[in-house]
Amino acid sequence: MSLLDEVRLVAGKDLRIEARSRVTLQQIVPFGLIVLVLFAFALDPDRGVLKRVAPGLFWITVLLAALLAVSRSYTIEADNGARDGLRLSGLDGPALFLGKAAAIAVQLLALEVVLAICVVVLYGIELNSLFPLVLATLAATVGVSATGTLYGVLAAGLRVRETLVPVLLLPVVAPVLLGATRAWEAAIDGVPSDAWPWVGLLGVFAVLFTAIGMLAFGSLLEEA
Amino acid sequence: MRLLKPRVAMAVGVLSLASLVTLVILGLFVAPPDAVQSDAQRLMYLHVPVAWVAYLAFGVTALASALWLWPRTRSMVWDRLAGSSAELGVIFTALTLVDGSLWGKPVWGVWWAWDARLVTTAVLFFLYLGYLALRRIPSSVDARAKRCAIAALVAFADVPIVHFSVDLWRTLHQDGSVFNEELDAHIHGVMAFTLWFGVLAFTLLYVYLLDRRYRLAALDEEREEREVALAIAERVAPQAPPVPTPAPPVEMGTPR
């Protein structure tokens, strides 16, 4: 089996579990939506603040939902000795890492589409230059999924996993929040040239942490 | 189980204490007040060395973590060193933020500014706070060492990205930063000497504290090992009064 086949196998497993359990669809997506509505309660929509800070609110919501997605991704490995199954599967660390990260990324992308539509509708913003916006979103999602998968396996099997992952993950993805928010602002303002440096930064982040994750995953899984 | 020989450690401790006292005298009385900032500038003799030690400590943590991960140099020495240094790094980063803030109020007029360096330092603080949380989770020594070494390197890899992104952010939105980075570019004489002397004094303090913290970590591990050995010995040793042999169990289901 090639690396790609193995990645598809692992990602397919996680996505099949999601298709049957619908935890992302029925819990994480509604969570994201309620956070967006709560932001509107906190920052009165009439004052025009919401419109200006919409990209930031969108990405904070995505990060919070990503924490849940990472947690879910390792909850499904905790039962029935699934983690031992992964260890004994004979699949390489990099393939396992890419597979799990890809499954998280796919779910986050679906969530982002839903949230973006809601941001446009509820906060009344217009997305002027779509191309940099889409690229920034893709790169940011890959970056968040990669770091999330890495910290997820680092904390897998620890009793404090649920509380540990946020405190480790959020500072590391701070640049993603910054970059993605600025890129979205530029796209909303219709000045794509302002977005490109941020897209580049998000790309570097995604590549760097994907590489680290591929290197470290196998050895961390053994300790989990 | 020691980083420095006891005598060397003692000498470093005495030297750091002496140089800190000297620094107080130099910084408070000998160095002239700054032309613009007057006495508030004296905080720089504390702030710059403390910040330097914070960065140094994180650098040592990253290096020690890499050495632990490298199979040829793998040794618990590096794990203890990484943990001890990270702890000092977090403390000194917190001090940097606090005394920088104290200085910022009279000079900038605000406690905090969203300046590139400040934000990077704050993120650095949280990155390694998470690392310390990870270190405190009980698990087997080897598993913990591996997890922590990887986490330290991931955090370290993130620092340049954080710095670059924050830099890009502030330069995009804040033309010609008020808080330019020439704070220590044109200083001469006693003031420069005091600053460098402060760096030396705090580096000595760092080495001394690192040695103490390392020793503590080593003793902690030793105690745990001993407790385990003791518990095993208690289980294995024959109990003093021989336990009366229980009556043979009545077999169920067999006719008598």
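**Close-up views of a two-chain helical model**

The secondary structure of chain B comes to six helices and zero strands. Please keep in mind that everything shown here belongs to a predicted model.

**View 1. Chain B is built from helices alone, with six of them and zero strands.** Following the chain from its N terminus, you will meet the elements in the order α-α-α-α-α-α. Of the 256 residues in chain B, 34% are buried. Looking at contacts in chain B with a separation of 6 or more, 81% come from residues 24 or more positions apart.

**View 2. Chain B meets chain A through 22 residues of its own and 24 of chain A.** Two elements of chain B, helix H4 (116–135) and helix H5 (141–173), each give two or more residues to the side that touches chain A. H5(B) gives the most to that side, with 15 residues. By residue type, the side of chain B that touches chain A holds 17 nonpolar, two polar and three charged residues.

**View 3. Helix H1 of chain A spans residues 3–21.** Its 19 residues reach 27 Å from the first C-alpha to the last, close to the 27 Å expected at 1.5 Å a residue. Have a look at Val7(A), Val10(A), Ala11(A), Asp14(A) and Glu18(A), which are buried in H1(A). These buried residues cover an arc of only 90° around the axis, so they lie on the same side of H1(A). On the other side of H1(A) you will find Asp5(A), Arg16(A), Ala19(A) and Arg20(A), which are exposed. What, then, covers the buried residues of H1(A)? The cover includes helix H2 (23–42), helix H3 (49–78) and helix H5 (93–123) of chain A.

**View 4. Arg22(A) follows H1(A) and has a positive phi.** This residue sits in the loop between H1 and H2 of chain A. Its phi is about 55°, although Arg22(A) is not a glycine. That is worth a second look, because most residues other than glycine have a negative phi. Is Arg22(A) buried or exposed? Arg22(A) counts as exposed because it has 11 C-beta neighbours inside 10 Å, and the cut-off for an exposed residue is 12 or fewer.

**View 5. Asn80(A) is a residue other than glycine with a positive phi.** Here the value is near 55°. You can find Asn80(A) in the loop between H3 and helix H4 (82–88) of chain A. Because Asn80(A) has 9 C-beta neighbours inside 10 Å, this residue counts as exposed.

**View 6. In chain A, H3(A) packs against helix H8 (residues 174–189) at an angle of about 140°.** The axes of the two helices are 8 Å apart, and the crossing of H3(A) and H8(A) is right-handed. Which residues make the contact? From H3(A) come Pro55(A), Gly56(A), Phe58(A), Trp59(A), Ile60(A) and Leu63(A). From H8(A) come Leu177(A), Ala180(A), Thr181(A), Trp184(A), Glu185(A) and Ile188(A). Sorted by type, the residues of this contact between H3(A) and H8(A) are nine nonpolar, two polar and one charged.

Note on methods: Residues are numbered from 1 along each chain as its sequence is written. Chains are lettered from A and ligands numbered from 1 in the order in which they are written. This is a predicted model: local features need pLDDT of at least 70, side-chain atom pairs count only at pLDDT 80 or more; totals for chains, interfaces and linings use all residues. Helices (H or I, at least four residues) and strands (E, at least two) are DSSP runs, numbered from the N terminus. The expected span of a helix is 1.5 Å times one less than its number of residues. A residue is buried if 20 or more other C-beta atoms lie within 10 Å of its own, exposed if 12 or fewer, and partly exposed in between; C-beta atoms are placed from the backbone. The arc is that of the directions from the helix axis to the C-beta atoms. Two residues are in contact if their C-beta atoms, placed from the backbone, lie within 7 Å. Axes are lines fitted to C-alpha atoms, for helices over the stretch in contact, and angles run from 0 to 180 degrees between N-to-C directions. A crossing is left-handed if the near helix is turned anticlockwise from the far one by less than a right angle, and right-handed if clockwise. Ala, Val, Leu, Ile, Met, Phe, Trp, Tyr, Cys and Pro count as nonpolar, Asp, Glu, Lys and Arg as charged, and the others, Gly among them, as polar.
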